[in-house]
Amino acid sequence: MNDLRLMGAQVIDGTGSTARRTDVAIAGRRIVAVGRDAAEALAGRTVDLDGLALAPGFIDLHTHVDFTLPVHPRAAAMVRQGVTTLVGGNCGFSPFPVTAAGVDDLRDLNAFIDEGLAWDWDDADGYLTHVDDLALACNLAQLVGHGAVRIAVMGMTGRPPTPDELDRMRQLVDRALRAGAFGLSTGLVYAPGSHAGTDELVALAEVAAGHGRFYASHIRSEGDDSVAAVREALDIGRRSGAPVQLSHH
């Protein structure tokens with residue numbers, strides 16, 4: 001016996017197929033049948049949706065919820081729109097890595113989206129452990145922000161990194177990805193991301209590619225130089241081997 005039968009829904013399955021009125025059966029946390037099998041199987045509870053739309057949870061690929069979820073773990077504004085997976089850490093902003101030398105700059109950089117974080121972690125592992133202990137109403141796919149990584153190693157300085165500094169940044173990106181980050185993000189229209197050259201970004205994106213993760217970029221221009229900015233992002237993807245997602249274009 002299934003736990004739940006959703007009857008008479010207009011199912012939009014996410015494949016691009018035309019919506020169809022049908023039944024859906026759920027057992028535990030899984031959809032186990034759609035259509036006739038769902039209609040004919042016994043269920044502990046049946047809900048007649050009477051033509052209401054039923055779809056998989058939406059993925060919001062570009063958010064900054066990593067600065068709000070620790071304070072608002074129910075993410076009501078997102079869940080009420082049908083969003084069940086949120087990608088945080090975009091635009092080079094992430095609440096880690098945190099170093100003693102860089103924490104003030106990091107907090108200043110993120111003050112406009114910080115809902116009152118505790119900042120009592122050092123790295124992605126510490127932050128994600130903190131979030132895992134909350135009663136989240138959605139899934140979080142977290143990115144590591146290039147801006148945060150650069151601050152941890154170089155502060156807000158505007159020069160290129162030394163070979164040693166670049167190696168330390170690569171190590172921090174690697175550590176975050178090993179802890180569960182889904183990719184690397186950049187914000188190239190503002191400091192400190194705007195100080196980074198293409199070669200620096202390729203070197204860091206290579207680390208993401210090595211883990212099979214992607215590169216998400218708030219590109220360097222959204223105006224007159226947007227074509228060149230897109231070309232740079234694509235070049236980073238080609239040279240590093242990382243899939244590329246463009247934002248703010």
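This report covers the cavities of a predicted model and one buried histidine.

## Ground rules

The model is predicted: local features need pLDDT of at least 70, side-chain atom pairs count only at pLDDT 80 or more, and totals for chains, interfaces and linings use all residues. Residues are numbered from 1 along each chain as its sequence is written, and side-chain values use heavy atoms, without hydrogens and water.

## The largest cavity

The whole structure holds 2 cavities of 30 Å³ or more. A cavity is a set of points, on a 1 Å grid over the protein atoms alone, where a 1.4 Å probe fits but cannot get out. Volume is the space filled by probe spheres set on the points.

The largest cavity has about 40 Å³. Its lining residues (an atom within 4 Å of a point) include Cys-91, His-146 and Tyr-190. The lining has 6 nonpolar, 5 polar and no charged residues. Here Tyr and Cys count as nonpolar, and Gly as polar.

## The second cavity

The second largest cavity also has about 40 Å³. Among its lining residues are Phe-96, Asp-123 and Arg-175. The classes are 5 nonpolar, no polar and 2 charged; Asp and Arg count as charged. Helix 6 (residues 163-179) gives the most to this lining, with 3 residues. Helices are DSSP runs (H or I, at least four residues).

## His-218

His-218 sits in strand 10 (residues 214-218); a strand is a DSSP run of E, at least two residues. His-218 is buried (under 20% relative accessible area, 1.4 Å probe, protein chains only), at 6%.

Beyond neighbours within four places in sequence, His-218 is in contact (heavy atoms within 4.5 Å) with residues including Cys-91, Gly-187 and Tyr-190. Cys-91, Gly-187 and Tyr-190 also line the largest cavity. The side chains of His-218 and Tyr-190 share a polar contact of 3.4 Å. That is a pair of N or O atoms within 3.5 Å, one able to donate a hydrogen and the other to accept it.

Terms used
1 Å grid on protein atoms, 1.4 Å probe; cavity = no way out; pocket = protein on both sides within 12 Å on 5 of 7 lines; lining within 4 Å. Buried < 20%, exposed > 50% of the residue type's maximum accessible area, 1.4 Å probe, protein only.
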